[in-house]
Amino acid sequence: MGEKKEKGYRVKTFVTEVKIFQAMKELRSLDEQVNRFIVENSVKKVISVSDTATTDNTGATIGLVRVLSYES
């Protein structure tokens with residue numbers, strides 16, 4: 001008998017630094033990373049994508065964490 005692959009939920013995290021006046025460039029780069037991951041890993045179903053800002057001790061945004069939840 002052939003081997004049966006189990007489906008499961010998986011999570012992948014992407015991180016980028018945010019520099020003043022460079023946010024649009026950095027967001028495009030983050031989008032490209034996520035899209036490339038989806039294609040290269042043959043992701044068939046995306047469950048969710050969420051972004052969270054990281055801050056320094058003054059409260060200034062210094063980075064962005066994007067989490068992709070998908071079904072394998």
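**Close-up 1. S69, a buried residue in a strand.** In this predicted model, S69 has a relative accessibility of 17%, so it counts as buried, the cut-off for that label being under 20%. You'll find S69 in strand β3, which runs over residues 61–71. Looking past the neighbours within four places in sequence, S69 is in contact with R10, V11, V46, I47 and S48.

**Close-up 2. The open sheet with its three strands.** Follow the strands across and the order reads β1-β3-β2, with antiparallel pairing. The edges belong to β1 (9–17) and β2 (45–55); each has a single partner strand, so one side of each goes without a neighbour in the sheet. On average, neighbouring strands here are turned by 20° against each other, direction ignored. As a bit of background, strands of a sheet pair through backbone hydrogen bonds, either parallel or antiparallel.

**Close-up 3. Where β2 meets β3.** Now zoom in on one pairing: β2 and β3 are joined in the antiparallel sense over 10 bridges. Want a single pair to look for? Pick T52, whose bridge partner in β3 is V65.

**Close-up 4. S42, a loop residue with a positive phi.** S42 sits in the loop between α1 (23–40) and β2. Its phi is positive, about 50°, even though S42 is not a glycine. Why is that worth a look? Most residues other than glycine have a negative phi. How buried or exposed is S42? With 47% relative accessibility, S42 counts as partly exposed, because that label covers the range between under 20% and over 50%.

Notes
Residues are numbered from 1 along each chain as its sequence is written. This is a predicted model: local features need pLDDT of at least 70, side-chain atom pairs count only at pLDDT 80 or more; totals for chains, interfaces and linings use all residues. Side-chain values use heavy atoms; hydrogens and water are left out. Helices (H or I, at least four residues) and strands (E, at least two) are DSSP runs, numbered from the N terminus. Buried means under 20% relative accessible area, exposed over 50%, partly exposed in between (1.4 Å probe, protein chains only). Contact means heavy atoms within 4.5 Å. Two strands pair if DSSP finds at least two bridges between them. Axes are lines fitted to C-alpha atoms, for helices over the stretch in contact, and angles run from 0 to 180 degrees between N-to-C directions.
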